[in-house]
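The following exercises concern a single protein chain. Please work through each task with the sequence and the structure at hand before reading the solution.

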Amino acid sequence: MDPRAVLILVAILVAEIGCIANGNFVFPVERRKRSLNAVKAHDARRRGRILSAVDLNLGGNGLPTETGLYFTKLGLGSPPKDYYVQVDTGSDILWVNCVKCSRCPRKSDLGIDLTLYDPKGSETSELISCDQEFCSATYDGPIPGCKSEIPCPYSITYGDGSATTGYYVQDYLTYNHVNGNLRTAPQNSSIIFGCGAVQSGTLSSSSEEALDGIIGFGQSNSSVLSQLAASGKVKKIFSHCLDNIRGGGIFAIGEVVEPKVSTTPLVPRMAHYNVVLKSIEVDTDILQLPSDIFDSGNGKGTIIDSGTTLAYLPAIVYDELIPKVMARQPRLKLYLVEQQFSCFQYTGNVDRGFPVVKLHFEDSLSLTVYPHDYLFQFKDGIWCIGWQKSVAQTKNGKDMTLLGDLVLSNKLVIYDLENMAIGWTDYNCSSSIKVKDEATGIVHTVGAHNISSATTLFMGRILTFFLLLTTMLNN
């Protein structure tokens, strides 16, 4: 059957399930502790989704021993209601579970109240039909047999078998606009997002990871970032700084003018944020590796993914790296913790006892990974290695290089989609950055936040998100 015909059937099913009625983000993001086994399970699911045809469902995590799901609260509709959605730098669309949803979670172990979006309960909600321009652009052309009363569908299947299906609606997203140094005011903007009608797999379970939906910061035209940029309100530039020492951090949309950050090109026409890794240096020695091990052609290369907790390297790279990392401590013996993490007993200062690892990228950009980054303390006197051997492969069978929060934390990472580049610098993520208002040219200070949650039942950290919205130039 024609794939577009399948989409029509999905849309009709969705329409029967539920009827539709006609600056700066400030988002608190919680983090929940998990076991080390849960960390690897999370990353395994994430790799499965990376290998699937559609880009979805990432989350932010800090230290493996403190790791958890990063999620944020946003307002949708008129009057606005609060929704908790997973923050995702790899997926594209924003979607939330809707009323009359089949197999949507109704409760969460995160200590939050889940809310189903009701289009009839919002004065500004509108159906996006299959004959509208947004739908045609999303599916690279008109859907065969489309009629104006049929909603524009979305249907996404993850590599781990989970799936979300629904239709698109348009409504107001409420956020906090930065209107001065460390100062915000509520504003809203009309955006198109997914109304979830059917969930399956891990998305359907009422579990410790259950949320209202996902907000994606991917590269496609359907992302919230792209929609705001198309309206002239922002540039397609965003940055994050995740603090795994004190908790909290910064997420900003807009041009960062301070600190200055060098960049490396993004590999074009990739679903994820792929870069060209050239070499790896340990204690000033360059690892002797095959020249094509980090080749970026044919779906290979290196993925920057804040939704992954650890860092995964091709087997040949891992086998060269670990002996170099341990060379300063020849008497230490490695043993397995939870049957998958290589750990050792050590009571000294890891930054003095182990080498710095540097990853060198195209255009002479380097990523410095300190021992306190790639080693994590499992418990007193026991340290574990965060570098992992990749078990995922690209479409042509090559091992995948996947760099997660293990190497991204405590760094300001800038995604510049205007110039198709990404960059980073070591940074104190509990401080502040300066972001430029494109309409006025005024530079505002955006600060970090680490706020205790009064609504959650667990000890968590909060990462506050900022979106710098500028007014349209002709407004």
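**Exercise 1. Locate Asp-88 in the predicted model and decide whether its residue is buried or exposed.**

Step 1. In this predicted model, Asp-88 lies in strand β3, which covers residues 81-88.
Step 2. The relative accessible area of Asp-88 is 0%.
Step 3. A residue counts as buried when this value is under 20%. Asp-88 is therefore buried, at 0%.

**Exercise 2. Carry out the same assignment for Asp-305, and state what the UniProt record says of the two aspartates.**

Step 1. Asp-305 is placed in a loop, the one that joins β17 (302-304) to β18 (311-313).
Step 2. With a relative accessible area of 1%, Asp-305 is buried.
Step 3. According to UniProt, in an unreviewed entry, the feature "active site" is assigned to Asp-88 and Asp-305.
Step 4. These positions are spread over 218 residues of sequence, yet they cluster in space, with a largest C-alpha distance of 9.2 Å.

**Exercise 3. Describe the setting of Thr-164 and identify which side chains its own side chain contacts through polar atoms.**

Step 1. Thr-164 belongs to strand β7, residues 163-180.
Step 2. Its relative accessible area is 0%, so Thr-164 is buried.
Step 3. One polar contact of the Thr-164 side chain is with the side chain of Tyr-154, at 2.9 Å.
Step 4. Another joins the side chain of Thr-164 to that of Gln-199, at 2.9 Å.
Step 5. Both pairs fall within the 3.5 Å cut-off for a polar contact.

**Exercise 4. Summarise the protein as a whole: how many helices and strands does it have, and what share of its residues is buried?**

Step 1. The count is eight helices and 31 strands.
Step 2. Of the 475 residues in the protein, 56% are buried.
Step 3. The accessible surface amounts to about 19,300 Å², and carbon and sulfur atoms account for 49% of this area.

**Exercise 5. Determine where the confidence of the prediction is below 50, and what contacts the model shows there.**

Step 1. For the protein, the mean pLDDT is 77, with 74% of residues reaching 70 or more.
Step 2. Residues 1-32 have a pLDDT below 50; in the model this stretch has 120 contacts beyond near neighbours in sequence.
Step 3. The pLDDT is also below 50 over residues 450-475, a stretch with 109 contacts beyond near neighbours in sequence.

Definitions and conventions
Residues numbered from 1 in each chain as written. Predicted model: local features only at pLDDT ≥ 70, side-chain atom pairs only at ≥ 80, totals over all residues. Heavy atoms only, no water. UniProt positions renumbered as here; feature names shortened; annotations may be inferred. Helix = DSSP H or I, 4+ residues; strand = E, 2+ residues; numbered from the N terminus. Buried < 20%, exposed > 50% of the residue type's maximum accessible area, 1.4 Å probe, protein only. pLDDT = per-residue confidence, 0-100. Contact = heavy atoms within 4.5 Å. Areas by Shrake-Rupley, 256 points an atom, 1.4 Å probe, with all protein chains shown as cover. Polar contact = N/O pair within 3.5 Å; in protein donor to acceptor, adjacent residues only side chain to side chain.
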